[in-house]
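Let's take a friendly walk through a protein, one stop at a time. Have the sequence and the 3D view open, and find each residue as we reach it.

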Amino acid sequence: MAWGSGAFNSCDKLLERVEKNDPTLKELVILPMKTFGAKDLDRLSHAIETGMNTHLVSISASGHPLPPNSLKAFGNALSIQASKQQKYGITSLAIGSKDMGDEGTIALCQGLALSNGALLQHLDLGWKEIGKDGLYEIGTTFAHSKCLRELDLSRNDFGNDGIVQLSKGAAAAAAEHDDDAAGVAFPALEQLILSECNIDSTGMDVLAKILLGQEKDKRQRSKRIHLAIGSNPIGSAGCHSLVQLLSCVDHGSVISHLQAAQCSIGNGGVEILSQGFHRGLEIMDISDNGITTDGAKKLAASLIQSWPDLVEMKIAKNEIGSDGVSAILGSLITRGDTNDSTESGKNSSLQNLDLSYTNCGAEGAKAALRSGGLHTLRLFGNTIGSDGFDAIAPLLRGGHPNIENLDLGGNNAEEDSVVRLLDSIADKKDASAHSRLAVLEIGGNKFGDKAMEALTRLQSVWPDLDVAHDKPVGESGWKEEDQD
């Protein structure tokens with residue numbers, strides 16, 4: 001990888017390496033502080049178009065204003081490279097500045113349209129002020145790309161109109177293909193990032209239709225999609241479209257990873273998401289969505305049947321309280337349950353759970369630590385305090401049989417309670433005792449000399465346990481490094 005650093009901020013030496021076909025230069029990274037303008041891009045285009053370079057596969061040049069004519073020539077160079085049916089080529093691209101806009105996007109796509117997006121597998125057009133016209137061109141250019149796997153359009157305020165135009169662009173591209181070639185749009189897509197694009201429930205309805213294809217089209221995607229729609233106002237109504245994507249009758253969820261934090265879905269949205277059978281969804285992030293105890297209970301009731309493949313769930317920054325957390329954990333297998341969910345009547349697939357800032361209280365924390373299936377548990381920022389640490393310490397005596405990563409940071413426990421917690425984990429009653437606890441995070445709790453001594457005792461028992469903590473503070477309030 002070359003970072004584009006050098007005298008006078010010039011990219012000349014880097015471009016010379018491209019032109020000389022340096023076999024060690026496969027990823028070209030041109031940082032924003034470098035000078036990279038039209039002449040530099042034209043020079044790079046020439047090296048690609050003529051086949052001068054056969055080793056470069058990735059170009060990252062975001063943050064540089066580039067004129068439309070140079071962007072079009074660059075897109076055309078990538079198309080020519082793809083037409084040569086060579087085994088090499090540019091597969092990853094991030095280019096343009098936040099002023100690129102529709103004009104620059106259209107120009108780039110017009111050059112790429114000759115080859116349905118060339119060989120590009122990864123395309124980052126995030127934060128480029130792209131509007132609906134640019135989205136239309138992206139649709140026409142890439143809808144039938146057999147290469148494009150990751151598309152980042154985040155932080156472009158195109159809203160519902162942009163999604164509608166993306167759909168129209170894809171439809172226009174389909175009209176140019178015969179029936180055998182046409183099919184589901186963006187057939188190779190594995191990751192679509194639409195965070196902060198001002199999409200609401202109307203836009204979500206159109207997006208679902210794009211990803212699902214026409215009803216008459218029975219062909220399926222080769223892989224499920226990682227869909228990131230965080231910080232869009234989809235509301236509870238937008239969850240109807242998500243359910244369509246999560247519960248396809250024939251082949252389960254179209255989505256493998258759903259990132260939907262800060263989408264204002266509320267309890268109503270959770271109730272909608274809890275309907276159906278979401279086979280194939282593995283990771284879900286619904287953090288910071290105004291979900292309360294009632295929504296958590298609805299979700300908990302559905303965990304047993306509706307989410308058979310869900311491995312990771314983030315529900316952080318929702319005020320679900322101890323009752324909501326206890327309800328969720330009540331749907332998961334506990335230490336005394338068998339791992340066979342059909343026998344226990346509980347969910348055994350969920351392994352990673354983020355309950356940070358949920359106001360879980362000591363009771364919620366205790367319920368979480370009784371888990372028999374979780375591998376990662378985050379309880380950061382719940383201010384359970386000293387009483388909470390004392391309440392959960394017995395559940396951590398000798399470590400934990402299944403939790404590998406435990407985050408108890410930011411809970412404002414006093415040092416004496418931290419000491420008792422560490423000593424409880426160190427309390428290995430017999431040599432055959434087994435603990436899977438590998439990482440313990442306790443920063444954001446009082447940590448002084450007594451806690452440091454307790455940590456030393458703990459590490460003598462569990463030497464491989466990694467404990468992340470604040471720098472020790474003595475009784476005077478000075479940190480250790482301040483006393484040197």
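**A walk through the model**

Our starting point is L273, which lies in helix α9. Keep in mind along the way that this is a predicted model. Is L273 buried or exposed? Its relative accessibility is 3%, so L273 counts as buried. Leaving aside residues up to four places away in sequence, L273 touches C239, L242, V243, L246, I265, H278 and W307. You can also compare sequence and space here: L273 and S247 are 26 residues apart in the chain, while their C-alpha atoms are 9.9 Å apart.

Several of those contacts lead us to helix α8, so let's go there: C239, L242, V243 and L246 are among the buried residues of α8, and they are also touched by L273. Why can we call this helix largely enclosed by the rest of the structure? Helix α8 covers residues 239-246, and 6 of its 8 residues are buried, so the surroundings largely enclose it. Besides the four just named, the buried set includes S241 and L245. These buried residues pack against α7 (201-212), β7 (225-228), β8 (255-259) and α9 (266-273).

C239 brings us to the cysteines. A disulfide is a covalent bond between the sulfur atoms of two cysteines. How many disulfides does a search of the whole structure find? The count is 0. Take C248 as an example: the closest cysteine sulfur belongs to C239 and is 16 Å away, so the two are too far apart for a bond. C248 has a relative accessible area of 13%, so this residue is buried. Another cysteine, C11, has a relative accessibility of 1% and therefore counts as buried too.

Now turn to helix α3, which runs over residues 68-83. It has 16 residues and spans 22 Å from its first C-alpha to its last, close to the 22 Å expected at 1.5 Å a residue. Its buried residues are S70, L71, F74, G75, A77, L78, S79, Q81 and A82. What do they pack against? Their neighbours are α2 (38-49), β2 (58-62), β3 (92-96) and α4 (101-112).

Next, a look at the backbone. Most residues other than glycine have a negative phi, and most peptide bonds are trans. Just after α3, however, Q85 takes a positive phi of about 55 degrees. N116 is not a glycine, yet it has a positive phi of about 55 degrees. You will find N116 in the loop between α4 and β4 (122-124), and at 27% relative accessibility it counts as partly exposed. E129, also not a glycine, has a positive phi of about 55 degrees. E129 is in the loop between β4 and α5 (132-142), and its relative accessible area of 51% makes it exposed.

What about empty space inside? Rolling a probe the size of a water molecule over the atoms shows where empty space is left. The count comes to 1 cavity of 30 Å³ or more, and the largest cavity has a volume of about 40 Å³. Its lining is made of L151, L166, F186, L189, L192, I210 and L211. By class, that gives 7 nonpolar residues, with no polar and no charged ones.

Our last stop is S424, in helix α15 (residues 415-426). With a relative accessibility of 5%, S424 counts as buried. Not counting residues up to four places away in sequence, S424 touches A393, P394, L396, R397 and G398.

Key:
Residues are numbered from 1 along each chain as its sequence is written. This is a predicted model: local features need pLDDT of at least 70, side-chain atom pairs count only at pLDDT 80 or more; totals for chains, interfaces and linings use all residues. Side-chain values use heavy atoms; hydrogens and water are left out. Helices (H or I, at least four residues) and strands (E, at least two) are DSSP runs, numbered from the N terminus. The expected span of a helix is 1.5 Å times one less than its number of residues. Buried means under 20% relative accessible area, exposed over 50%, partly exposed in between (1.4 Å probe, protein chains only). Contact means heavy atoms within 4.5 Å. A disulfide is a pair of cysteine sulfur atoms within 2.5 Å. On a 1 Å grid over the protein atoms alone, a cavity is a set of points where a 1.4 Å probe fits but cannot get out, and a pocket is an open set with protein on both sides within 12 Å along at least five of seven lines; lining residues have an atom within 4 Å of a point. Grid points are joined across faces, edges and corners, and a volume is the space filled by probe spheres set on the points. Ala, Val, Leu, Ile, Met, Phe, Trp, Tyr, Cys and Pro count as nonpolar, Asp, Glu, Lys and Arg as charged, and the others, Gly among them, as polar.
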